[in-house]
Amino acid sequence: MTESKTVFVFGSFCVLLDNSISIKDEEDMNRKISYRTKWQDEILRYFREISNGHVTASDVYEYFRGEGYTIGMTTVYRQLDNLVSLGKLNKYNIETGCPACYEYIEQDNNENNTVCFHCKCENCGKLIHIHCNELKEIQKHFIDFHDFFLDSKRTVFYGVCSDCRKKEVTNID
């Protein structure tokens, strides 16, 4: 049993917390995270089917409701968080105030486990993830020359996607 005490000082008073946790408690917590459920399997199946896509918790919820499943948003969030903890999904918070996006990580494909930047279309809102060696070089340059780490999960390049550019050209003609 590991035992420690934490003291918090608030102005003129102190709070003493007992932070004891047994190895058995820690193992139980890890087991709960790694315990596979029907919903984990179903959500992973969904992500494999839509591979290379970013979806929100609401997208997952709407998909399963549309397929006739009875599932709550709390279950969706809990399972998505568990799958992120297990390394099966990446979670991206692209913009403040916007819902997080989730992306399936191919376990056999190292490319998806590398640096991934994002492009967001200012016209239609499409989010595109980019695996690009040149962007890795820019990230390395920032670290080497500016002592600054670019977080690829939060770095977004804004512009206009190819579909919207084609529509603009068509509208001009």
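Okay, let's start out on the surface: Asp-147 counts as exposed, at 72% relative accessibility. One thing to say up front is that this is a predicted model. So where does Asp-147 sit? You'll find Asp-147 in the loop that links helix H5, 133-146, to strand E7, 156-159. And have a look at its backbone: phi of Asp-147 is near 50 degrees, a positive value, and this isn't a glycine. For background, most residues other than glycine have a negative phi.

Right, let's zoom out for a second. The protein chain has 6 helices and 7 strands. Reading from the N terminus, the order goes β-β-α-α-α-α-β-β-β-β-α-β-α. There are 173 residues in the protein chain, and 27% of them count as buried. The accessible surface comes to about 11,700 Å², with 52% of that belonging to carbon and sulfur atoms. As for contacts, if you take those with a separation of 6 or more, residues 24 or more positions apart account for 45% of them.

Now for the helices, and I'd like to hang this part on H2, which covers residues 38-49. Take H2 against H4, residues 73-85: the two pack at an angle of about 75 degrees, and their axes are 10 Å apart. H2 and H4 are therefore roughly perpendicular to each other. Who's touching whom? On the H2 side we've got Trp-39, Gln-40, Ile-43, Leu-44 and Phe-47, and they meet Thr-75, Gln-79, Leu-80, Asn-82 and Leu-83 in H4. Sorted by class, that contact has 6 nonpolar residues, 4 polar ones and no charged ones.

Let me pick one residue out of that contact, Gln-40, over in helix H2. Is Gln-40 buried or exposed? Gln-40 is buried, because its relative accessible area is 2% and the cut-off for buried is under 20%. What does its side chain do in there? The Gln-40 side chain makes a polar contact with the side chain of Gln-79, at 3.3 Å. In sequence, Gln-40 and Gln-79 are 39 residues apart, yet in space their C-alphas are 5.9 Å apart.

Same helix, other partner: H3, residues 57-66. Here the axes of H2 and H3 come within 11 Å and cross at roughly 100 degrees. That makes H2 roughly perpendicular to H3. The H2 residues here are Trp-39, Glu-42, Ile-43, Arg-45, Tyr-46, Phe-47 and Glu-49, and they meet Asp-59, Val-60, Tyr-63 and Phe-64 in H3. By class, the contact of H2 with H3 has 7 nonpolar, no polar and 4 charged residues. So if you're clicking through the model, keep the two lists side by side: no charged residues where H2 meets H4, and no polar ones where H2 meets H3.

Last stop is the loop between H2 and H3, where we find Thr-56. Thr-56 is buried, with a relative accessible area of 13%. What does Thr-56 touch, leaving out residues up to four places away in sequence? With those set aside, Thr-56 touches Pro-99, Ala-100, Cys-101 and Tyr-102.

So that's the tour, from Asp-147, exposed in its loop, to Thr-56, buried in another. Okay, over to you for questions.

Notes
Residues are numbered from 1 along each chain as its sequence is written. This is a predicted model: local features need pLDDT of at least 70, side-chain atom pairs count only at pLDDT 80 or more; totals for chains, interfaces and linings use all residues. Side-chain values use heavy atoms; hydrogens and water are left out. Axes are lines fitted to C-alpha atoms, for helices over the stretch in contact, and angles run from 0 to 180 degrees between N-to-C directions. Helices (H or I, at least four residues) and strands (E, at least two) are DSSP runs, numbered from the N terminus. Angles under 35 degrees count as roughly parallel, over 145 as roughly antiparallel, 65 to 115 as roughly perpendicular and the rest as oblique. Contact means heavy atoms within 4.5 Å. Ala, Val, Leu, Ile, Met, Phe, Trp, Tyr, Cys and Pro count as nonpolar, Asp, Glu, Lys and Arg as charged, and the others, Gly among them, as polar. Buried means under 20% relative accessible area, exposed over 50%, partly exposed in between (1.4 Å probe, protein chains only). A polar contact is a pair of N or O atoms within 3.5 Å; within protein, one must be able to donate a hydrogen and the other to accept it, and residues adjacent in sequence count only if both atoms are side-chain atoms. Accessible areas come from the Shrake-Rupley method with a 1.4 Å probe; for residues, only the protein chains shown count as cover.
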